[in-house]
Amino acid sequence: MGKLPPSFRNAKLPMTALLKKPNSAVLAEQQSSSQKPHYLAKTTPVKKPKKTQPEAAIQVPQVNFNSHNLSDAKTLFNQLVAAPGKLPFDLKFCNSIFQSFSLSASVQDSIFFLKHMIKAHPPFSPDRSTYHVLLVQSCKAPDLSLSSVHQVLNFMSGQGFPPNKVSLDISVRTLCSSGREEHAIELVKELSARDLPPDSFTYNFLVKHLVKNRELSTVNSYIKEMRECFDVKPDLVTYTIMIDNVCNKKNLREAMRLLGVLSEEGYKPDCYVFNTIMKGHCMLSQSSEVLEVYRKMLEEGVKPDLVTYNTLIYGLSKSGRVKEAKKFLRVMAETGHFPDAVTYTSLMNGMCREGDALGALALLEEMEAQGCTPNACTYNTLLHGLCKARLLDKGIQLYKVMKEGNMELETGSYGTFLRALCRNGRVPEAYEVFDYAVESKSMTDVAAYTTLESTLKWLKKAKEQGLAV
């Protein structure tokens, strides 16, 4: 069946018609709920006054430099200053001029230009945001060291604006976005030594960036040094970021180690942390470990949420333990969590894996009876399962409902459906499904055609071997 996609989209039409006609009482309830109450029908809508654009929302005129030559920039600025009353020479406008020039100029030229702006237009008094424009530029400079950053920080201090936590945060984020993580670490250590350690937001941003782009040893080394040298310790968010990363990389042993460290540090793991580890075990089809994490969660006094139960049900269903998974539907109801489309689709996926496609179809009826709307993933899962179980007629009925609801076909169900149609000698219908896949933008034209072409080649070979009609 393949694993479930991460996103789910609501289906527009019910599917109970595949098993029996919808209950008339249900239809009546749907019709009544779609009608407006009488007291709303008589209400006269109040006309809202037209909004006027506030002065603060007025767009600042944009000044673009055709040349980033320092001399040309000075000349242009002098011309702007010489046109009094035509331009709003406030701080915001001056900062926009400075930022426009700094986009392509060198850091040194930007410093010279800023000094000229102050001299040519004395009312312009730069604030910290002005110098942060220069700081961002220095962090983007293709330097092999932090010389440009040091130059700007020293310049800021000389102008009465020594770096603060905001300056450090801006620097770290810009350096990381420029692929200069090592320089970001170096700057954090330098400023921490000068009694300017990062706050939790900057610290955790850097950790999050490092776990994505560097080896785990680099992250651990950074955390250890910050703790021992500057007394900057990781918090619950830090460990959550790391656990999420190692789980995505299927390193569950490290995830469990970090969970232990988290407790040793005096932090209580929350529901998100346990859900993340459970998800990691699901990726490896380790259903027993999923249950173990769930029990540990209860032992720690952490209440499971809907994601917990959905992850648990998905993991058990994926491992062929559908009966156990179904038991948690009752547990969910007892704890006030009602199954949603993800819950039911996971169960249907597991039932189809076991060859019980009709049972999955019956579960769809139960799902709708509970007021839960199936989505496109639900239908694709069932379509795939019905075709695998050689219940083509049911699959065709399901496909028609999907088509009427303008639902997209997923690659796996699309390919399986095409092969089932061709295997039963219904090639024209396979072409029609191909047309719908293209029209509905379920996949690219190339992908849809490639699947159809490979299916027809398979059919030709099967006919030669007497395996298809």
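This is a guided tour of a predicted model, going from the whole chain to selected helices and single residues.

Before selecting anything, note that residues are numbered from 1 along each chain as its sequence is written. Because the model is predicted, local features need pLDDT of at least 70 and side-chain atom pairs count only at pLDDT 80 or more, while totals for chains, interfaces and linings use all residues, and side-chain values use heavy atoms, with hydrogens and water left out.

**The whole chain**

Begin with the chain in cartoon view, where the secondary structure comes to 24 helices and 0 strands; helices (H or I, at least four residues) and strands (E, at least two) are DSSP runs, numbered from the N terminus. Of the 469 residues in the chain, 44% are buried, where buried means under 20% relative accessible area, exposed over 50% and partly exposed in between (1.4 Å probe, protein chains only). Among the contacts with a separation of 6 or more, 67% are between residues 24 or more positions apart, a contact being heavy atoms within 4.5 Å.

**Helix 12**

Select residues 236-248 next, which form helix 12. At 1.5 Å a residue, its 13 residues should span 18 Å, and its end C-alpha atoms are indeed 18 Å apart; the expected span is 1.5 Å times one less than the number of residues. Helix 12 is largely enclosed by the rest of the structure, because 10 of its 13 residues are buried. The buried set runs through T238, Y239, T240, I241, M242, I243, D244, N245, V246 and C247. To see what they pack against, add helix 10 (200-213), helix 11 (216-230), helix 13 (252-264) and helix 14 (271-283).

Then look at the two ends of helix 12. At the N-terminal end, D235 acts as a cap, with a side-chain oxygen 3.1 Å from the backbone nitrogen of V237. After the helix comes K250, whose phi is positive, near 65 degrees.

**R173 and the ring of F205**

Move to R173, which is found in helix 8 (residues 165-177) and counts as partly exposed at 34% relative accessibility. R173 lies over the face of F205, at 4.3 Å from the ring centre; a charge sits over a ring if NZ of Lys or CZ of Arg is within 6 Å of the ring centre and within 35 degrees of the ring normal. Not counting residues up to four places away in sequence, R173 touches F201 and F205. A C-alpha to C-alpha distance drawn from R173 to L206 comes to 7.7 Å, although the two are 33 residues apart in sequence.

**Aromatic pairs**

Show the side chains of F77, F89, F93, F101 and F113, which ring pairs link into a cluster. The structure holds 12 aromatic pairs, where rings of Phe, Tyr and Trp (its six-membered ring) pair if their centres lie within 6.5 Å, with planes under 30 degrees apart counted as stacked, over 60 as edge-to-face and the rest as tilted.

**Cysteines**

Which cysteine sulfur is closest to that of C139? It belongs to C176, and at 9.9 Å the two are too far apart for a bond. C139 is buried, at 0% relative accessibility, and C282 also counts as buried, at 3%. A search of the whole structure finds 0 disulfides, a disulfide being a pair of cysteine sulfur atoms within 2.5 Å.

**S285, in a loop**

Select S285, placed in the loop between helix 14 and helix 15 (287-299). S285 is partly exposed, with a relative accessible area of 38%. Leaving aside neighbours within four places in sequence, S285 is in contact with K318 and S319, and its C-alpha atom is separated by 8.2 Å from that of L316, 31 residues away along the chain.

**Helix 19**

Go on to helix 19 (residues 357-369), whose 13 residues should span 18 Å at 1.5 Å a residue; the end C-alpha atoms are 19 Å apart, which agrees. Its buried residues are A357, G359, A360, L361, L363, L364, M367 and E368, and what covers them includes helix 18 (341-353), helix 20 (376-388) and helix 21 (392-404). Helix 19 is followed by G371, with a positive phi near 80 degrees.

**S413**

Finish at S413 in helix 22 (residues 411-423), which is buried at 3% relative accessibility. Its side chain makes a polar contact of 2.4 Å with the side chain of N380; such a contact is a pair of N or O atoms within 3.5 Å, where within protein one must be able to donate a hydrogen and the other to accept it, and residues adjacent in sequence count only if both atoms are side-chain atoms. Not counting residues up to four places away in sequence, S413 touches N380, L383 and H384.
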